[in-house]
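Please load the model in a viewer and keep the selection panel at hand. The stops below name what to select next and describe what is found there.

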Amino acid sequence: METNNQQKMTREEYHKIKKRKRLRPWAFWLFTTFFLIAILISILILYNWGKDNQKTNKLNEEISKLVEITPIQEEGELINPPEDKKSDYWYFVEQPFYNIDFSELQRKNDDTVAFIHMENTNINYPIVQTTNNEYYLTHAFDKSYNNAGWVFMDYENLVNFQSDNTVIYGHGRLDKTVFGSLKNTLSSKWQENIENYAIWISTPNENMVYQIFSIYTIDSESYYIKTDFSSNKEKEEWLKTMKSRNTASQTADVDVNDKILTLSTCLNNNGGRIVVQAKLIKIQKRQ
């Protein structure tokens, strides 16, 4: 009886082993197929990423030929100057304006509203604005489809930068195009150089200088990109929060009379953001 049971178990085991052997080639080919598909998808993604980068770099070269950035030392209107004469504000208002000829830029793209420049980054771009915040996530300055996107203003903002908070977006590209080099602002070396804390904005009607007061990273949220406030109290609370997030070695005082500029780019694929915020300190009407 025991021998029969042993023989029976042996037969059952034999059939199981035989069944596994029959299934093994199928499992192998299934795994191989999925593996090859994954490789092909990765190659396609890398190819498209490189192609988009080439298009963006070529477009940047074309724009650099169209645009002549001219520093000018003319006086402008000081915005909300502090009484403290030791404030860094007085250093930054001595910075020259940058003048931009917009005629060729607007001819190439009629959505052009401004131009932005930051020291020790690759940020030297015309800013565009359309009726939504999606189009320029996947379209370049010439309006061709491109996953690198472009630098664009929030569609809810006033084009004259007179919203309470003017928000500018751009992808954080690994090759440091668009807003990819905004990551430079997180390094201690960048932050230790006071000259880096100025942002220059030009529009067809005005030239402006901003002073950075907060640099930080944050998880996905919409609070920091709020464009207007219903009361001074609401704006004051918002400014307090924005300033408290600062991780940079330098900052500046801000109050409800200041016009704020917010630069935002992606930090990671989980919705994290790099944020740089500045206040308007000097403005000049263009002739």
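Helices and strands in this tour are runs assigned by DSSP, with at least four residues for a helix and at least two for a strand, and they are numbered from the N terminus. On that basis the protein has 5 helices and 11 strands. The model is a predicted one.

**The whole chain**

Begin with the full protein coloured by burial. Of its 287 residues, 43% count as buried. Among contacts between residues at least 6 apart in sequence, 66% join residues at least 24 apart.

**Helix α5**

Next, select residues 232-244, which form helix α5. This helix has 13 residues, and the distance from its first C-alpha to its last is 18 Å, close to the 18 Å expected at 1.5 Å a residue. Which residues of α5 are buried? They are Lys235, Trp238, Leu239 and Met242. Viewed down the axis of α5, the buried residues fall within an arc of 100 degrees, so they line one face of the helix. Rotate to the face turned away from that buried side, where the exposed residues Lys233, Lys240 and Ser244 are carried.

Now display what covers the buried residues of α5: the cover includes β7 (165-169), β9 (206-218), β10 (260-266) and β11 (273-285).

**Ala252, in the loop after α5**

Continue to Ala252, which is placed in the loop between α5 and β10. Ala252 has a relative accessible area of 7%; it is buried because that value is under the 20% cut-off. Leaving aside neighbours within four places in sequence, show the contacts of Ala252: Gln211, Ile212, Phe213, Lys243 and Lys279. A distance label between the C-alpha atoms of Ala252 and Phe213 should read 4.7 Å, although 39 residues separate the two along the chain.

**Ala198, in strand β8**

Keep Phe213 displayed and add Ala198, whose place is in strand β8. The relative accessibility of Ala198 is 0%, so this residue counts as buried. Ala198 and Phe213 are 15 residues apart along the chain, and their C-alpha atoms are separated by 9.8 Å. Not counting residues up to four places away in sequence, Ala198 touches Phe92 and Tyr210.

**The cavity**

How many cavities of 30 Å³ or more does a search of the whole structure find? The search finds 1. About 40 Å³ of space lies in the largest cavity. To display its lining, select Ile69, Tyr98, Ile100, Phe115, Ile116, His117, Trp200 and Ser202. The elements giving two or more residues to this lining are β4 (112-118) and β8 (198-202), and β4 provides the largest share, 3 residues. By class, the lining of the cavity holds 6 nonpolar residues, 2 polar and no charged.

**The largest pocket**

Finish at the largest pocket, which holds about 460 Å³ of space. Which of its 17 lining residues are the closest to its centre? Select Gly172, Cys266, Leu267, Asn268 and Asn269 to see them. Strands β10 and β11 are the elements that give two or more residues to the lining of this pocket, and both strands are also among those that cover the buried residues of α5. Coloured by class, the lining of the pocket divides into 6 nonpolar, 7 polar and 4 charged residues.

Note on methods:
Residues are numbered from 1 along each chain as its sequence is written. This is a predicted model: local features need pLDDT of at least 70, side-chain atom pairs count only at pLDDT 80 or more; totals for chains, interfaces and linings use all residues. Side-chain values use heavy atoms; hydrogens and water are left out. On a 1 Å grid over the protein atoms alone, a cavity is a set of points where a 1.4 Å probe fits but cannot get out, and a pocket is an open set with protein on both sides within 12 Å along at least five of seven lines; lining residues have an atom within 4 Å of a point. Grid points are joined across faces, edges and corners, and a volume is the space filled by probe spheres set on the points. Ala, Val, Leu, Ile, Met, Phe, Trp, Tyr, Cys and Pro count as nonpolar, Asp, Glu, Lys and Arg as charged, and the others, Gly among them, as polar. The expected span of a helix is 1.5 Å times one less than its number of residues. Buried means under 20% relative accessible area, exposed over 50%, partly exposed in between (1.4 Å probe, protein chains only). The arc is that of the directions from the helix axis to the C-beta atoms. Contact means heavy atoms within 4.5 Å.
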